[in-house]
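Dear colleague,

I am passing this structure on to you, and below it I have set out what I found when going through it. Please read the notes with the model open beside them.

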Amino acid sequence: MASLLARRLQAAGALALAALGTASCQRSTASERTVLLNRGSDTMINVAQAWAEEYAKVAPGVSVEVAGGGSGVGIAALIDGTVQIANSSRPMKPAEQEATRTARGADPVEYVTGYDALVVYVHAKNPVQSMTLEQLRDLFAEGGRISRWSDFGVRHDACPRDTIIRISRQSSSGTYDFFREVALDKHDFKLGTLELNGSKEVVELVAHTPCAIGYSGMGYATPGVKMLSLSREGGPPVAPTVQATLDRSYPIARPLYMYTVGQPEGETKRYLDWIHSPPGQRIVSAVGYVPLPASETGPVPAPPSPSEVHP
């Protein structure tokens with residue numbers, strides 16, 4: 001009996017050692033996998049996730065973990081050193097560039113990864129087809145006089161009260177900053193404007209709210225909404241098309257950025273190079289944004305002022 005018990009204990013010990021060895025092997029394999037942390041713009045979350053998923057097939061030893069939160073959140077994480085890459089739908093501000101240099105000891109490096117037309121969305125049944133930038137400011141900006149759809153000279157039967165419901169992004173969003181600076185000429189938003197955390201949520205709410213108007217990236221368009229054409233003072237209305245985005249004839253077209261601290265190396269560089277390659281740029285187009293022309297596929301120093309990149 002004692003001999004049988006001893007043999008059983010010996011066998012159990014061998015199994016335990018084998019299991020420990022297997023677990024140790026799994027940890028060793030996992031520890032060899034490179035993890036790239038990528039955070040920021042909600043406008044870019046769909047394309048960033050699509051890049052990450054496709055890159056896992058290209059480079060199985062690299063895991064790109066993507067999170068949103070807004071451009072400001074991503075840039076703050078880059079400054080804090082908690083991510084390798086920040087996504088942003090606006091250029092870095094001078095104060096953020098300086099904070100990067102102070103905290104990380106290197107300049108931020110900016111990559112343009114594609115382009116977006118920042119679209120003004122209304123409900124699909126809204127009769128309005130276009131607006132001037134002046135009308136857009138009068139509608140969204142503090143002190144503006146437009147508050148009803150009839151102010152545009154239309155009758156909106158799906159909105160019997162005629163009152164316009166304004167929908168915006170939250171203040172940490174690069175889309176919020178860009179829209180406020182370019183479309184609203186730096187004016188504050190009117191009180192009572194609803195602020196939402198995600199680009200997708202803005203479009204979904206407009207699609208389900210006939211009286212609403214909001215703004216979001218062109219990649220979030222659905223059949224439930226209409227994309228308005230916009231015009232500069234004295235100019236013709238321009239629709240948010242691929243060509244109008246590239247030639248900047250659409251008034252609020254913008255680049256989509258990725259930032260690193262200093263020149264990227266190793267897996268970070270290989271990932272950014274792949275994003276700028278034809279397979280990476282095909283994903284930009286597939287999710288509804290505008291891919292880069294062949295001449296715009298490299299890193300450039302971060303701009304000294306946001307105003308230099310505005311249309």
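Is glutamate 134 buried, partly exposed or exposed? The model is a predicted one, and in it glutamate 134 has a relative accessible area of 48%, which falls between the 20% under which a residue is called buried and the 50% over which a residue is called exposed, so glutamate 134 is partly exposed. This residue sits in helix α5, which covers residues 133–140, and its C-alpha atom is 10.0 Å from that of leucine 230, although the two residues are 96 apart along the chain.

For the overall picture, the protein contains 10 helices and 12 strands, and of its 311 residues 47% are buried. If one takes the contacts between residues at least 6 apart in sequence, 75% of them join residues that are at least 24 apart.

Threonine 260, which belongs to strand β11, has a relative accessibility of 2% and therefore counts as buried. A polar atom of the threonine 260 side chain lies 2.9 Å from the backbone oxygen of glycine 262. Beyond its neighbours within four places in sequence, threonine 260 touches Leu78, Gln84, Ile85, Asp107, Pro108, Val109, Thr268 and Leu272.

One of those partners, Leu78, is also among the buried residues of helix α3 (residues 71–80), which are Ser71, Gly74, Ile75, Ala77, Leu78 and Ile79. The buried residues of α3 pack against strands β1 (34–40), β3 (85–88) and β11 (253–261), as well as helices α4 (94–104) and α6 (174–183). After α3 comes glycine 81, which has a positive phi, near 85°.

The last item concerns a pair of helices, α2 (residues 45–58) and α10 (residues 278–286), whose axes come within 9 Å of each other and cross at roughly 140°. Because of that angle, α2 is oblique to α10, and the crossing in which α2 passes α10 is right-handed. On the α2 side the contact is made by Val47, Ala50, Trp51 and Glu54, and on the α10 side by Gly280, Ile283 and Val284. Sorted by character, the residues of this contact comprise 5 nonpolar, 1 polar and 1 charged. As a general point that may help when looking at such a list, an α-helix has 3.6 residues a turn, so residues three or four places apart point the same way.

With best wishes

Notes
Residues numbered from 1 in each chain as written. Predicted model: local features only at pLDDT ≥ 70, side-chain atom pairs only at ≥ 80, totals over all residues. Heavy atoms only, no water. Axes fitted to C-alpha atoms, helices over the stretch in contact; angles between N-to-C directions. Helix = DSSP H or I, 4+ residues; strand = E, 2+ residues; numbered from the N terminus. Parallel < 35°, antiparallel > 145°, perpendicular 65-115°, else oblique. Left-handed = near helix turned anticlockwise from the far one by under 90°. Contact = heavy atoms within 4.5 Å. Nonpolar A, V, L, I, M, F, W, Y, C, P; charged D, E, K, R; others polar. Buried < 20%, exposed > 50% of the residue type's maximum accessible area, 1.4 Å probe, protein only. Polar contact = N/O pair within 3.5 Å; in protein donor to acceptor, adjacent residues only side chain to side chain.
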